[in-house]
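The following questions and answers concern the structure shown below. Each answer sets out its reasoning before it closes on the value or name requested.

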There are 2 protein chains.
Amino acid sequence: MAGGSTQPGRGVLEKALDLLNAFEGARDGLALTELSRRSGLPLTTTRRLATELVAQDVLERLPDRRYAVGRRLWQLGLLARVQGDLRDVALPFLQDMYEATRENVHLAVRDGHSALYVERLHGRASVPLVSRAGGRLPLHATGVGKVLLAHAPPDVVAEVVAHATKATPYTITEPGRLLRELAEVRRRGYARTVQEMTLGTCSVAVPVFGAEGAVVASIGVVVATTREPIRHLAPLRVAAGGISRALR
Amino acid sequence: MAGGSTQPGRGVLEKALDLLNAFEGARDGLALTELSRRSGLPLTTTRRLATELVAQDVLERLPDRRYAVGRRLWQLGLLARVQGDLRDVALPFLQDMYEATRENVHLAVRDGHSALYVERLHGRASVPLVSRAGGRLPLHATGVGKVLLAHAPPDVVAEVVAHATKATPYTITEPGRLLRELAEVRRRGYARTVQEMTLGTCSVAVPVFGAEGAVVASIGVVVATTREPIRHLAPLRVAAGGISRALR
């Protein structure tokens, strides 16, 4: 499908993407040497490609001469359908949820073996979290992740359960216990976590169904452990129902 | 800076970006022929590049064989600093504004001769608008745009005023009147529009100041003309003050 490696330019696009991927977790910018090391590209190739990407506004050069991802890539990324469809349909419902709770409200989809956070709404009163829009977190350790995992194909479940690691001392990783919990998530229609991803926080999450009735996303609320997330279950279900209907 | 055109691969990156830019306003996907026409690239080049970009998850192939911008580009775009810095700092304040108003809340920056919408919060009760995150609107016809234009360099102001076109019959385009209005925006510290971009809506917007005291962004609220936007001015100023302090 991708054509042979003899096609002109094939390597350039791949290398450019390697370069851009190097900025994951480095939004404050990267020096040329860091960029070369992270991308695995030689220094001369890195310099040439970075210079070209700066000329195209895909990267920008900061005053301290470090490189950062530029505005043009952000604009192009907003043309993606993950943003365009699901996010646009869900956002008003997520806003309602935020307004009702003032807590962290998440919309996530499963992407391979991780939960991809499509949107995170939060205010100044919300508990601080590691999640961010566009970021990934383990499927087995978060509320939305557990919902997505509970409805994932058996091979994905087997793989994730076999390699589940502890994010905190409370993360459930024992295969038998984790599988029983996933069955419970399917049965009762929601997931609940207590300090499994971030100490001091707990969460509740429910599934969002697509046009064919399959689980296509999950929405959840994360609160401080001093609060009770389960009281947010009813409004979450209303919001998930609204999004599911709108997706049909 | 960009190096000579003899550099290997230079053309490929440019062409790939031309291809991606073709998806502006076409988030539901493009057939190969449309993609070729919009990007200005020959059909064979378009097919080869599109196939390669699909293999890299930058584009995706829809069930109806059309092409669309894929998830990977969205994730890469979220690494951009426009999103990373300003949006992250501003979002809690924008949420507060949304919660207080349930209306459309905008965060925009000036990018050349247009207003680039960094974020738009809205709920089901908000009046429908043409704005979207990552989209552009004219500087002279929107509330946030007028604030940004009022603080733009003289050459930008001259250019925008000279080429201002009517989005509605109410858009102020007469150079003398527009320039007087911009002076008024600077003097009183906010912009106000009535049906200048979208019939049936009006807006109020205020500036956000960066570390050096320059106007770096604008936030605004858009409501139906049956409501009064000026009552949102006080909370907008509080929010803009909060964002400005946080940016320092």
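Q: What rotation superposes chain B on chain A?
A: In this predicted model, copies are superposed by least squares on the C-alpha atoms of residues with pLDDT of at least 70 in both. The fit of chain B on chain A has an RMSD of 0.1 Å and a shift of 0.0 Å along the axis. The two copies are therefore related as by a two-fold rotation axis. The rotation is 180°.

Q: Which residue of chain B comes closest to the rotation axis?
A: The distance is taken at the C-alpha atom and amounts to 2.3 Å. The residue is B:G77.

Q: How many residues of chain B are in contact with chain A?
A: Two residues are in contact if their C-beta atoms, placed from the backbone, lie within 7 Å. On the side of chain A, 48 residues take part. The number for chain B is 48.

Q: Which element of chain B gives the most residues to the side that touches chain A?
A: Helices (H or I, at least four residues) and strands (E, at least two) are DSSP runs, numbered from the N terminus. Helix 1 (10-21), helix 3 (43-55), strand 2 (67-69), helix 4 (71-77) and helix 5 (81-101) of chain B each supply at least two residues to that side. The greatest contribution, 9 residues, comes from helix 5.

Q: How do the residues of the side of chain B that touches chain A divide, and what number is nonpolar?
A: Ala, Val, Leu, Ile, Met, Phe, Trp, Tyr, Cys and Pro count as nonpolar, Asp, Glu, Lys and Arg as charged, and the others, Gly among them, as polar. By this division 14 residues are polar and 12 charged. The nonpolar residues number 22.

Q: How far apart do the C-alpha centres of the two domains of chain A lie?
A: Domain bounds come from an automatic or database domain assignment. For chain A it gives domain 1 (10-76) and domain 2 (81-247). Their C-alpha centres are separated by 32 Å.

Q: Which residues of strand 6 of chain A point to the buried face?
A: A residue is buried if 20 or more other C-beta atoms lie within 10 Å of its own, exposed if 12 or fewer, and partly exposed in between, with C-beta atoms placed from the backbone. Side chains alternate along strand 6 (residues 191-194), and A:R192 and A:V194 point to the face that is not buried. On the other face are A:A191 and A:T193.

Q: Which residue of strand 7 of chain A is the bridge partner of A:R192?
A: Two strands pair if DSSP finds at least two bridges between them. Strand 6 and strand 7 (residues 201-209) of chain A pair in the antiparallel sense over 4 bridges. They form a hairpin with 6 residues between them, and A:Q195 in the turn has a positive phi of about 60°. The partner of A:R192 is A:V204.

Q: Why is helix 6 of chain B largely enclosed by the rest of the structure, and how many of its residues are buried?
A: Helix 6 spans residues 143-150 of chain B. Its buried residues include B:G143, B:K146 and B:A150. The helix is largely enclosed because the buried residues number 8 of the 8.

Q: Is A:H106 buried or exposed?
A: A:H106 lies in strand 3 (residues 104-111) of chain A. Beyond neighbours within four places in sequence, its contacts include A:Y117, A:V144 and A:I219. Because A:H106 has 30 C-beta neighbours inside 10 Å, it counts as buried.

Q: How are residues numbered and chains lettered?
A: Residues are numbered from 1 along each chain as its sequence is written, while chains are lettered from A and ligands numbered from 1 in the order in which they are written. In this predicted model local features need pLDDT of at least 70, side-chain atom pairs count only at pLDDT 80 or more, and totals for chains, interfaces and linings use all residues.
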